[in-house]
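Colleague: Could you take me through this model, one topic after another?

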Amino acid sequence: MTEDVVPAAELYTDAFAADPYPTFARLRAQRPVCPVGSPRFDSWLITRFDDARTALTDPRLSKDLYGPDQHYLRIFGPNSEGLNRNMLNSDPPEHTRLRRVVSQAFAPRRIEALRPRVAAIVDQLIDKMVPRGEADLMREFAIPLPMTVICELLGVPPADHDRVLDWTQVIRTSGSTSRPPAEERAAVQEAQLRLHDYLADLVRAKRADPADDIIGALVDAVDRDRTLSEAELVTTTFLLLFAGHQTTADFLGNAVLALLTHPEQMELLRSTPRLLPTAIEELLRFDGPLPVASPRIATEDVDYQGVRIPRGAIVGVAINAANHDPAHFTDPDRLDLRRVRGPHLGFGHGVHYCLGVSLARMEALLALSALLRRLPGLRLAVPLAEVRRLPAASPFRGLLELPVAFTV
């Protein structure tokens, strides 16, 4: 890391968490490839669309964090291997092998068959909120919706949903509590260990009593032809559980907040529901839940924009910065639900393109449609400045809460 570093004090602030896009715009214009210091780890940040798209498929930028250099220790910490050594953090051919095992479970036709069940969950959650005329949309809707869906897909028993949610929320909200840093790290490590042990026990239960769900199918793959190792089975289950609800929950919160702060666009969507598929893509481009793609490691010196990134450096591809690049999007900081669907990077690009894209789009469409239809007068219940967010240093962009009111 050179001395010419964008410091954490400049980037990872409350102001940056509230609105990172002016900073991203300055970096795109002045320092499109730059070293960045952060509370978690130092890295190099790529912010322009063309560079970002190239970097997401650059074989010199490896996703394998578990090689001999053990980069995962810097990024995730000593307890991470039991949960994070999965297809997200691997390269072909390992990535290809791991992804192939689970891709059938997320085939568009199978996901479409879930539509009635997802619609029912959406309505059940809204039914609980309607009588009160107010709600915390994150706690009561955006988080439990995708968590319930992915738990049912995986085969997590309903009686266990709440404790699984509690463990994942400890991990998701790291850095947002008033606990000292050492206590915060200990709480995250404890949640990781409990989640790992729970999933390992669940795998054993599915082996003893086979079921027609995703974990049952993964167990069968292990026992039938050793497609996965036992450890990979647990880490793959964790990835599907966490990725299957985390980004969708944060997207729903960000999307509703964007609509509430752009009331003319919300009314357009309410009056023209056929715009929903296009609107979902625009909302994802406008304020996506994954501001920087999961880390990559430079396996050799690489040049972007005439800047040399040294071998061994951690590289972050700033998805949300790229999705606001004026070289690719006209007036990119304007929310325009009529915008012709463009090649945004909200679902990634290349071999790591989001496996659950069909499920995420379907959940978002049903959720936003129902909220606009069933909650007239939907509005923020607190001033915008009081809406609590995940800390700027979080790998996710999302809300801790979204207090709203509506007409009963």
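**Salt bridges and core**

Modeller: The count comes to 26 salt bridges, each being a side-chain nitrogen of Lys or Arg within 4 Å of a carboxyl oxygen of Asp or Glu. This is a predicted model, in which local features need pLDDT of at least 70 and side-chain atom pairs count only at pLDDT 80 or more, while totals for chains, interfaces and linings use all residues. Residues are numbered from 1 along each chain as its sequence is written, and side-chain values use heavy atoms, with hydrogens and water left out.

Colleague: With which residue does arginine 361 form a salt bridge?

Modeller: Arginine 361 lies in helix H20 and its partner in helix H18 (residues 276-286), so the pair ties together parts that are 80 residues apart in sequence. Helices here are DSSP runs of H or I with at least four residues, strands are runs of E with at least two, and both are numbered from the N terminus. The closest N and O atoms are 2.7 Å apart, and the partner is glutamate 281.

Colleague: Is glutamate 281 buried or exposed?

Modeller: Buried means under 20% relative accessible area, exposed over 50%, and partly exposed in between (1.4 Å probe, protein chains only). Arginine 361, at 22%, counts as partly exposed. Glutamate 281 has a relative accessible area of 5%, so this residue is buried.

Colleague: Which helix gives the largest share of the largest nonpolar core?

Modeller: A nonpolar core is a set of buried Ala, Val, Leu, Ile, Met, Phe, Trp, Tyr and Cys residues joined through side-chain atoms within 4.5 Å. The largest one has 96 residues, and Leu145 is among those with the most contacts inside it. The largest share of this core is 11 residues, and they come from helix H20 (residues 357-374).

Colleague: In which order do the 3 strands of the open sheet lie?

Modeller: Two strands pair if DSSP finds at least two bridges between them. S4 and strand S10 (residues 403-405) pair in the antiparallel sense over 3 bridges. The edge strands, each pairing on one side only, are strand S4 (134-136) and strand S9 (379-380). The order is S4-S10-S9.

Colleague: Why is cysteine 151 not bonded to the closest cysteine sulfur, and how far away is that sulfur?

Modeller: A disulfide is a pair of cysteine sulfur atoms within 2.5 Å, and a search of the whole structure finds 0 disulfides. Cysteine 151 is buried, at 0% relative accessible area. The closest cysteine sulfur, in cysteine 354, is too far for a bond, because the distance is 17 Å.
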